[in-house]
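This report introduces a protein structure to a reader who has not met it before. It begins with the sheet, moves to the helices and the core, and ends with backbone details that stand out.

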Amino acid sequence: MNWLTNFVLPKIRAVVAKKDVPDNLWHKCPGCGQMLFHRELEANLHVCGKCGHHLRIAPDKRLGLLFDDGKYTIIELPKVIADPLKFRDRKRYIDRLKEAQNVKGAPPNRDAAVVAHGTVGGVATVICAFDFFFMGGSMGIAVGEAILTAARLAVLQEAALVLIPSSGGARMQEGILSLMQMPRSTLAVEMVKETHRPYIVILTDPTTGGVSASFAMLGDVTLAEPGAVIGFAGARVIEETIREKLPEGFQRSEYLLEHGMVDMVVHRRDLKAVLEHLLDLLSRRGQKTPLALAKPRPLPEQHP
Ligand SMILES: [Zn+2]
């Protein structure tokens, strides 16, 4: 047995390891369990071709999808205090942060929100997109700062502001300071509204907790991707508290549309066209010329 374990096994392992096959060629659809090939998924904007489930995507993909010709400029965000409470659970918060930041090609001090500016349908626009893959997109001081920076930039450039949350809520490792980002982000978007620039929110999966209780519900127009979980407290917590079974589709985009919390549920492939249309209409606010009814732009071809 020694010969097998000491000699043959390491050799087999070495042969297998040499292939260096990336392990993310196939993704399992969280909606229907179908295995999806990465190229097909990419072409389909990370929407399952079988059941239409909208998978979570990183901010760079999101921004590339919405800005004209996929061109935009990322804004450098102000440095913030990293671990104000010296928080520690099973791990030190500062170590968790470093771990999340330690991604190939990522800018230093990155956090759960990215701010970029460019044009959408020719309208100057600032977009702040959340990164769910960075500590669950949780909102701490850095994210608050990102929203504030985006709002200030929108005011300065007389641009529209688009926020795209994908977040589990406040970052608990920053305690009360993370909760303070709720009024802070609310004031930030108010600043944009006072200048009569459009403020649009695109709710993506998931938008919950402190994020759903602040800037995410304050858009002039609130769009949502299909099937996204949107709510404050989790469904199980609510069920246990009220001791009642919750209705089918509770806290999903379509349910919120039916109950007036969301204005439109938009498929990812149509997001840019719808956003362009809205920005075009809203950007004329305050102008003396009467509102001409804008022709709807043709929607992009549907992927199989
Ligand atoms: Zn699916």
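In this predicted model, strand β9 receives Ala224 as a bridge partner through Val265. That pair belongs to the contact between β8 and β9 (residues 264-265), two parallel strands joined by two bridges. On β7 (residues 199-203), β8 (residues 221-224) has a further parallel partner, held by four bridges. One pairing between these two strands is that of Val201 with Thr222 in β8.

**The sheet and the overall fold**

These strands belong to an open sheet of seven, in the order β3-β4-β5-β6-β7-β8-β9, with mixed pairing. Because β3 (73-74) and β9 each have a single partner strand, they stand at the edges, and one side of each is left without a neighbour in the sheet. At the β3 end, the pairing with β4 (residues 113-120) is antiparallel and rests on two bridges; there Thr73 is matched with His117 in β4. Strands of a sheet pair through backbone hydrogen bonds, either parallel or antiparallel.

The protein as a whole contains 11 helices and nine strands. Its C-alpha atoms fill a box of roughly 85 × 50 × 50 Å along the principal axes. Of its 304 residues, 35% are buried. Among contacts between residues at least 6 apart in sequence, 66% join residues at least 24 apart.

**Helices on the sheet**

Helix α3 (residues 59-66) lies across β4, β5 (123-130) and β6 (160-164), and runs at about 160 degrees to β5. Helix α5 also packs on the sheet, where it touches β4, β5 and β6, and its direction makes about 20 degrees with that of β4. Helix α5 has 16 residues and spans 22 Å from its first C-alpha to its last, close to the expected 22 Å.

Which residues of α5 are buried? They are Ala142, Val143, Gly144, Glu145, Ala146, Ile147, Leu148, Ala150, Ala151 and Ala154. The cover over the buried residues of α5 includes β4, β5, β6 and α7 (181-194).

Helix α9 (residues 235-242) presents another case: the number of buried residues among its eight is zero, so α9 lies largely in the open.

**The nonpolar core**

The largest nonpolar core holds 56 residues, of which Ala113, Ile147 and Leu161 touch the most other members. The element that gives the most to this core is α5 (residues 141-156), with eight residues. Apart from its neighbours within four places in sequence, Ile147 is in contact with Ala113, Cys128, Leu163, Ser185, Ala188 and Phe215.

Elsewhere, Leu278 has its place in helix α11 (residues 271-282). Leu278 is buried, because 23 other C-beta atoms lie within 10 Å, where 20 or more are required. Beyond residues up to four places away in sequence, Leu278 touches Ile200 and Val221. Leu278 and Gly121 are 157 residues apart in sequence, yet their C-alpha atoms are 9.8 Å apart in space.

**Backbone details**

Most residues other than glycine have a negative phi, and most peptide bonds are trans. The table lists residues whose phi is positive.

| Residue | Phi | Place |
|---|---|---|
| His46 | near 60 degrees | loop between α2 (38-43) and α3 |
| Glu158 | near 50 degrees | follows α5 |
| Arg243 | near 50 degrees | loop between α9 and α10 (253-258) |

Is His46 buried or exposed? His46 is buried, because 20 other C-beta atoms lie within 10 Å. Arg243, which comes just after α9, is exposed, because 6 other C-beta atoms lie within 10 Å; a residue counts as exposed at 12 or fewer.

A further detail concerns a peptide bond. The bond from Asp205 to Pro206 is cis, with omega near -15 degrees. Pro206 is found in the loop between β7 and α8 (209-212).

How values were computed:
Residues numbered from 1 in each chain as written. Predicted model: local features only at pLDDT ≥ 70, side-chain atom pairs only at ≥ 80, totals over all residues. Pairing = 2+ DSSP bridges. Core = buried A, V, L, I, M, F, W, Y, C linked by C-beta atoms within 7 Å. Contact = placed C-beta atoms within 7 Å. Axes fitted to C-alpha atoms, helices over the stretch in contact; angles between N-to-C directions. Expected span 1.5 Å × (residues − 1).
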